[in-house]
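Visitor: I have a model open and would like to go through its layout. Where should we start?

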Amino acid sequence: MEEARPSKTALRVALRRAAHQLYDAKPLVLDDPVAVAILGDSYAEELRRTPTRPDRPFSVSLRAFLVARSRYAEDTLARAVSHDVTQYVLLGAGLDTFAHRNPHPQLRVFEVDHPATQEWKRELLMASALPAPANLTYAPVDFERQSLREQLHAAGFDPTVPTFFAWLGVVPYLTLEAFRSTIASIASQPEGSGVVLDYGQPRSALPFLEKLAHDSLAARVKLAGEPFQLFFTPPKIAAELTAFRNLEDIGSSEINARYFANRTDNLKILGSAGRLLSAWL
Ligand SMILES: C[S@@+](CC[C@H](N)C(=O)[O-])C[C@H]1O[C@@H](n2cnc3c(N)ncnc32)[C@H](O)[C@@H]1O
C-alpha cells in the first residue's frame with residue numbers, strides 16, 4: 001500500500017457489501033444494516049455505479065466471495081465466542097462494520113489497519129453519525145513496518161486471553177515476510193485462539209478462463225496502487241500454519257453449498273481462485 005493514502009480496495013469491497021444489501025435477493029448472505037450507512041453521501045454515487053449486472057458473471061462471483069468471507073468470519077467467530085473467546089481482532093479491517101453490529105456483549109473488538117485507511121474510516125463514520133461502540137478499540141498498524149504485537153499491546157489488548165483474528169482481503173497484498181510475522185504474532189496467542197483468512201491461488205494453478213479473470217482483477221488492484229504479491233496453494237498455506245490445528249480450508253463448491261444453495265438469484269462463486277481458511281491454537 002502507498003504510505004499516506006487510504007486503501008482503495010477497502011472502498012471497493014465495502015461498495016460490494018453495500019450493493020449486496022440493496023440489489024441481491026433475500027435472504028441475504030451477509031445481513032449488514034450498516035454497510036450502506038457507512039458509505040454515507042460521500043460514496044452514494046459510486047454505490048449507484050457499482051457493477052451488479054447479472055450478465056457479468058465474474059463480477060457477481062466476486063461480490064458473492066466478498067459477502068461469503070465476512071459471513072464465514074462472523075459464523076466462525078460466533079463458535080469461538082461460545083468457547084470463551086473474549087477478544088476479536090480485525091486485521092486490515094477496512095470498512096468492515098462488525099463492531100457496529102456486534103451481537104456478543106462480552107466481546108472486545110480491536111480494529112487494526114493501516115493508519116491512513118483507519119483515519120479515513122473514522123472520518124466516514126463521523127460524517128454518517130455512527131459513533132464508535134464502547135467495546136471497540138482502534139489500533140493503527142502498518143504490517144510491513146510495525147510489529148502487530150507491540151501495537152496491539154499499546155492499544156490495551158490482553159495477550160493472556162483467547163482471541164479470534166479475522167484477516168480478510170489482506171493476505172494477497174502482503175510480502176511473505178509480513179505474512180509470516182503476523183502469523184507468528186497470532187500463533188503466540190493462548191490456546192483456544194483462532195484465525196480466519198482468505199487467500200488466492202497462484203495464476204499457474206488456475207484453468208485458462210480463470211487466468212483471464214485473475215489477470216483482470218490483478219490489473220485493477222495494481223492500478224489502485226495495491227498490487228497482488230502473495231498467493232498460496234492449499235498445501236503451501238498449510239505448510240505456513242504448522243503451529244495451528246483443525247485447519248478448515250474451503251473452496252467455491254463448499255462455500256456455495258454452505259451459503260448459496262437454493263437462492264432465487266444467480267449469486268454464487270465461480271472458479272477456484274479464492275479460498276477461505278480457519279485454524280485454531
Ligand atoms: C481489500 S481491503 C479489505 C478490508 C476489509 N478486511 C474488508 O474485508 O472489507 C485490504 C485492507 O488491508 C489493509 N492493508 C493492506 N496492506 C496493509 C499493511 N501493510 N498494513 C496494514 N493494513 C494493510 C488496507 O488498509 C485495507 O483495509
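Guide: With one term: contact here means heavy atoms within 4.5 Å. The model is a predicted one. In that sense of contact, helix α9 (residues 252-259) lies across β6 and β7.

Visitor: At what angle does α9 run to β6?

Guide: α9 runs at about 90 degrees to β6.

Visitor: OK, the sheet itself. What is the strand order?

Guide: The order is β3-β2-β1-β4-β5-β7-β6, in an open sheet of seven strands with mixed pairing.

Visitor: Which strands stand at the edges?

Guide: β3 (136-140) and β6 (245-250) do. Each has a single partner strand, so one side of each has no neighbour in the sheet.

Visitor: And how many degrees are neighbouring strands turned against each other?

Guide: On average 15 degrees, with direction ignored.

Visitor: Do β5 and β7 run parallel or antiparallel?

Guide: Antiparallel: β5 (residues 194-200) and β7 (residues 274-280) are joined by seven bridges. For one of these residues, G194, the bridge partner in β7 is W280.

Visitor: Which strands does α6 touch?

Guide: Helix α6 (residues 176-187) packs on the sheet and touches β1 (87-91), β4 (163-167) and β5. Its direction makes about 160 degrees with that of β4.

Visitor: Switching to α7. What is its span from first C-alpha to last?

Guide: α7 (residues 208-223) has 16 residues and reaches 23 Å, close to the 22 Å expected at 1.5 Å a residue.

Visitor: Which of its residues are buried?

Guide: E210, H214 and V221 are buried in α7. Viewed down the helix axis, the buried residues of α7 fall within an arc of 40 degrees, so they line one face.

Visitor: What covers them?

Guide: The cover over the buried residues of α7 includes α1 (8-23).

Visitor: And what is on the face turned away from the buried side?

Guide: That face of α7 carries F208, L209 and L223, which are exposed.

Visitor: What about phi at G225, positive or negative?

Guide: Positive, about 85 degrees; G225 comes just after α7.

Visitor: Back to α1. How do the axes of α1 and α3 cross?

Guide: They cross at roughly 90 degrees, and the axes of α1 and α3 (residues 57-82) come within 9 Å. That crossing makes α1 roughly perpendicular to α3.

Visitor: Which residues make the contact?

Guide: From α1, V13, R16, R17, A19 and H20. From α3, the contact is made by L62, R63, L66, V67, R69 and S70.

Key. Residues are numbered from 1 along each chain as its sequence is written. This is a predicted model: local features need pLDDT of at least 70, side-chain atom pairs count only at pLDDT 80 or more; totals for chains, interfaces and linings use all residues. Side-chain values use heavy atoms; hydrogens and water are left out. Two strands pair if DSSP finds at least two bridges between them. Helices (H or I, at least four residues) and strands (E, at least two) are DSSP runs, numbered from the N terminus. Axes are lines fitted to C-alpha atoms, for helices over the stretch in contact, and angles run from 0 to 180 degrees between N-to-C directions. The expected span of a helix is 1.5 Å times one less than its number of residues. Buried means under 20% relative accessible area, exposed over 50%, partly exposed in between (1.4 Å probe, protein chains only). The arc is that of the directions from the helix axis to the C-beta atoms. Angles under 35 degrees count as roughly parallel, over 145 as roughly antiparallel, 65 to 115 as roughly perpendicular and the rest as oblique.
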